[in-house]
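The following paragraphs lead the reader through one protein chain, beginning with its charged side chains and proceeding to its strands and its interior. Please keep the sequence and the structure in view while reading.

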Amino acid sequence: SRIAFALVLLVCAMPALAQASSAMPFPYRAEYEVLSDGKPVGHATVQLRRDGIGQWMLTSHTRGERGMAAMAGLDVQESSRFAFDPASGKFRSLSYHYRQKAAFRTRERSVAFDAANRRIISQDQGREYRLDYRADALDRQTVTLAIAHALAQGEHGEFSCFVADREQVSEHRYRFAGEEPVSTPAGDFPAIKLEREREGDARRQTTIWLSARHGHAPLRVVQTERNGSRY
């Protein structure tokens with residue numbers, strides 16, 4: 001199964017507040033501490049950059065450095081390529097790739113968004129799935145950028161996005177859960193708190209804190225599983 005993480009910001013190289021409300025995404029690089037049930041197990045690096053051909057790349061690299069994560073040699077890499085239309089403020093996913101190595105085992109998944117042929121193709125461990133096409137479908141990484149952009153434009157309340165992942169395109173709903181500061185090794189930051197609403201699966205929870213000072217980039221992410229474990 002996919003490894004889920006809690007992220008606590010360590011170092012963040014981002015633009016100042018004056019750029020946070022820009023209509024365009026901005027490049028950034030952030031370092032996070034990865035926790036499992038409150039205990040540090042590794043670090044993650046997240047980077048958003050232009051790719052030089054009018055598109056964007058969002059990448060993350062997580063490394064296990066303590067406990068079982070270190071023993072298993074955990075190494076997780078994700079990459080998303082997308083386009084952004086400043087006129088409409090819409091994100092358009094182009095491709096997504098996920099690769100996890102742990103304990104001599106490698107797992108890979110990918111999603112290709114083919115607008116020209118109106119198809120979305122998902123591949124998971126050699127199996128191929130043809131998903132129902134939606135022009136507004138995003139990959140699981142880019143959806144966070146779309147929500148951050150909506151917040152930067154002054155939207156609040158509930159946020160809904162369609163996400164292509166593995167065998168289906170499903171609707172992800174998040175609700176605004178207030179504002180509260182987040183303490184990190186890099187200092188305290190004001191943050192907007194969002195909670196994902198999961199129909200029929202209330203025991204699984206995802207909570208995201210986005211930095212109001214840095215273009216609503218993620219400060220902290222907490223995943224609670226059905227058994228109560230928190231990542």
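A search of the whole structure, which is a predicted model, finds 14 salt bridges. Side chains of opposite charge can pair when their charged atoms come close. Three of these pairs deserve individual attention.

In one salt bridge, the side chain of glutamate 31 meets that of arginine 63, with a distance of 4.0 Å from N to O. Glutamate 31 belongs to strand E2 (residues 28–36) and arginine 63 to strand E4 (residues 56–64), so this pair ties together parts of the chain that are 32 residues apart in sequence. Glutamate 31 has a relative accessibility of 17% and therefore counts as buried, since the limit for that class is under 20%. Arginine 63, at 24% relative accessibility, counts as partly exposed. The two residues also belong to a network of salt bridges that links Arg29, Glu31 and Arg63.

Another salt bridge joins the side chains of aspartate 124 and arginine 166, at 3.3 Å from N to O. This pair likewise links distant parts of the chain: aspartate 124 lies in strand E8 (residues 119–124), arginine 166 lies in the loop between E10 and E11, and the two are 42 residues apart. Is aspartate 124 buried or exposed? Aspartate 124 counts as buried, because its relative accessibility is 6%. Arginine 166 counts as partly exposed, because its relative accessibility is 29%.

Lysine 193 and glutamate 195 form a further salt bridge, in which the closest N and O atoms are 4.0 Å apart. Lysine 193 has a relative accessibility of 17% and so counts as buried, whereas glutamate 195, at 22%, counts as partly exposed.

Arginine 166 leads from the charged pairs to the strands. Strand E10 (residues 158–165) pairs with strand E11 (residues 168–184) in the antiparallel sense, over eight bridges. These two strands, E10 and E11, form a hairpin with two residues between them, and arginine 166, in the turn, has a positive phi of about 60°. The turn residue arginine 166 is thus also the salt-bridge partner of aspartate 124.

On its other pairing, E11 runs antiparallel to strand E12 (residues 187–197), and 10 bridges join the two. Here too a hairpin makes the connection, with two residues leading from E11 to E12. Which residues stand opposite arginine 173 of E11? Serine 160 stands opposite arginine 173 in the pairing with E10, and glutamate 197 in E12 stands opposite arginine 173 as well. In a regular strand the side chains alternate between the two faces of the sheet.

Two further strand residues show local contacts. Aspartate 114 is placed in strand E7 (residues 105–114). A polar atom of the aspartate 114 side chain lies 3.4 Å from the backbone nitrogen of alanine 116. Setting aside residues up to four places away in sequence, aspartate 114 touches Arg119 and Tyr133. Threonine 224 lies in strand E14 (residues 218–224). Threonine 224 has a relative accessible area of 15% and is therefore buried. The C-alpha atoms of threonine 224 and glutamine 205 are 5.0 Å apart in space, although the two residues are 19 apart in sequence.

The interior can now be considered. The largest nonpolar core has 44 residues, among which Tyr28 and Ile147 touch the most other members. Helix H2 (residues 142–152) supplies the largest share of this core, namely six residues. There is also a second, separate core of six residues, including Val182, Phe189, Ala191 and Trp209.

The chain as a whole may be described last. Its secondary structure comprises two helices and 14 strands. Of the 231 residues in the protein chain, 47% are buried. Among contacts with a separation of 6 or more, 41% are between residues 24 or more positions apart. The protein chain exposes about 12000 Å², and carbon and sulfur atoms supply 46% of that area.

Definitions and conventions:
Residues are numbered from 1 along each chain as its sequence is written. This is a predicted model: local features need pLDDT of at least 70, side-chain atom pairs count only at pLDDT 80 or more; totals for chains, interfaces and linings use all residues. Side-chain values use heavy atoms; hydrogens and water are left out. A nonpolar core is a set of buried Ala, Val, Leu, Ile, Met, Phe, Trp, Tyr and Cys residues joined through side-chain atoms within 4.5 Å. Buried means under 20% relative accessible area, exposed over 50%, partly exposed in between (1.4 Å probe, protein chains only). Helices (H or I, at least four residues) and strands (E, at least two) are DSSP runs, numbered from the N terminus. Two strands pair if DSSP finds at least two bridges between them. Contact means heavy atoms within 4.5 Å. Accessible areas come from the Shrake-Rupley method with a 1.4 Å probe; for residues, only the protein chains shown count as cover. A polar contact is a pair of N or O atoms within 3.5 Å; within protein, one must be able to donate a hydrogen and the other to accept it, and residues adjacent in sequence count only if both atoms are side-chain atoms.
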